[in-house]
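Here's a quick briefing to read with the coordinates open. It goes through a sheet, its packing, a core and a few loose ends.

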Amino acid sequence: MEQRLSRQQASEAVHDNGWRYILGTLQTSVPVRSLAQGISVTSDVVAVCGDDADHHLRVDARPDLITLTLQSLTHAAVTDRDVELAHRISTAVREAGLRTEPGIGTGAQRSVQLVEIAIDALDIARIRPFWKAVLGYADELDGAGPEDPLVDPFRVGPALWFQQMDRARPQRNRIHLDISVPHDEASQRIDAALTAGGRLVSATRAPAFWILADPEGNEACVTTWQGRDG
């Protein structure tokens, strides 16, 4: 039987193999030279996952990069099976003469990441149906409550979650992005944003998240798995 892993357990179990724990998933990327090579690698990866592929693995194949994501669909979380599959995949990729990497310190355009959209609301239950309908989104597994997040059923678009407001704040943006990055990528991403004209609004909840703002005050959060337990 699969066992759910804590954030710390999941991160430590795959870190040295080029994977990172991000927002309830394991992610890595594989640089490739062509889409044909990428599809060939994907075929190898699916083969080593066997029957588990359909229940754990998602693949985004591009001509220059394959992005691999592991998560148990049964548990909507990372389990010991996902860790086992990550090690199998990394071995298969190495045997193909390639590598699994998170895109940190390699000259890659960016690291692996997940983006969420957060909407501040006074009455979450009232606005959630609109966003579900207009985006064509669906409930998360075991998350069909009136205030639960929404997800793209094809896992292409960013997840949508709702943040409870205690009062109307008309002078503040009501929608912001959460950019979930590897824990060892956060400082570089924040420095780049500050260099690009942004400012640090708050780091009181770091390393779980840092609140940044653009020159006009529109906010975004850089988030990691760390600092969320206890």
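What follows is a short tour, grouped by topic.

Keep in mind that this is a predicted model. The piece to look at first is an open sheet of four strands, ordered β1-β2-β4-β3 and paired antiparallel. Helix α2 packs on that sheet, and the largest nonpolar core has 23 residues.

**The four-stranded sheet**

- Strands β1 (20-22) and β3 (57-61) sit at the edges; each has a single partner strand, so one side of each is left without a neighbour in the sheet.
- Going from one strand to the next, the twist averages 30°.
- As background, strands of a sheet pair through backbone hydrogen bonds, either parallel or antiparallel.

**Pairing, strand by strand**

- β1 and β2 run antiparallel and are joined by three bridges, with R20 standing opposite Q27 in β2.
- Those two strands make a hairpin with two residues between them, and L23 in the turn has a positive phi of about 50°.
- β2 and β4 are linked by six bridges, again antiparallel.
- Two pairs to click on there are P31 with L65 in β4 and T28 with L68 in β4.
- β3 connects to β4 (residues 65-70) through five bridges, and the two run antiparallel.
- On that side, L57 has L70 in β4 as its bridge partner, while A61 stands opposite I66 in β4.
- β3 and β4 also form a hairpin, this one with three residues between them.

**What packs on the sheet**

- Helix α2 (residues 35-49) packs on the sheet and touches β2 (25-31), β3 and β4.
- The direction of α2 makes about 175° with that of β3.
- β2 is mostly covered, with six of its seven residues buried.

**The largest nonpolar core**

- Which residues have the most contacts inside this core? They are W19, L26, V30, V45, L68, L70 and I89.
- Two or more residues come from each of α1 (7-14), β2, α2, β4 and α4 (80-95).
- Helix α4 gives the most to this core, with five residues.
- V45 is a handy residue to centre your view on: setting aside neighbours within four places in sequence, V45 is in contact with L57, L68, I89 and V93.
- L68 turns up again here: L68 is among the residues with the most contacts inside the core, and L68 is also the bridge partner of T28.

**Helix α6 and its cover**

- In α6 (residues 186-195), the residues A186, R189 and I190 are buried.
- Those three cover an arc of only 95° around the axis, which puts them on the same side of α6.
- The general rule behind that kind of pattern is that an α-helix has 3.6 residues a turn, so residues three or four places apart point the same way.
- What lies over the buried residues of α6? The cover includes β9 (175-180), β11 (209-213) and β12 (219-223).
- After α6 comes G197, with a positive phi near 105°.

**Cysteines**

- How many disulfides does the structure hold? The count is zero.
- C49 counts as buried because its relative accessibility is 2%, where the cut-off for buried is under 20%.
- C221 counts as buried too, at 8% relative accessibility.

Definitions and conventions: Residues numbered from 1 in each chain as written. Predicted model: local features only at pLDDT ≥ 70, side-chain atom pairs only at ≥ 80, totals over all residues. Heavy atoms only, no water. Disulfide = S-S within 2.5 Å. Buried < 20%, exposed > 50% of the residue type's maximum accessible area, 1.4 Å probe, protein only. Pairing = 2+ DSSP bridges. Axes fitted to C-alpha atoms, helices over the stretch in contact; angles between N-to-C directions. Contact = heavy atoms within 4.5 Å. Arc of directions from axis to C-beta. Core = buried A, V, L, I, M, F, W, Y, C linked by side-chain atoms within 4.5 Å.
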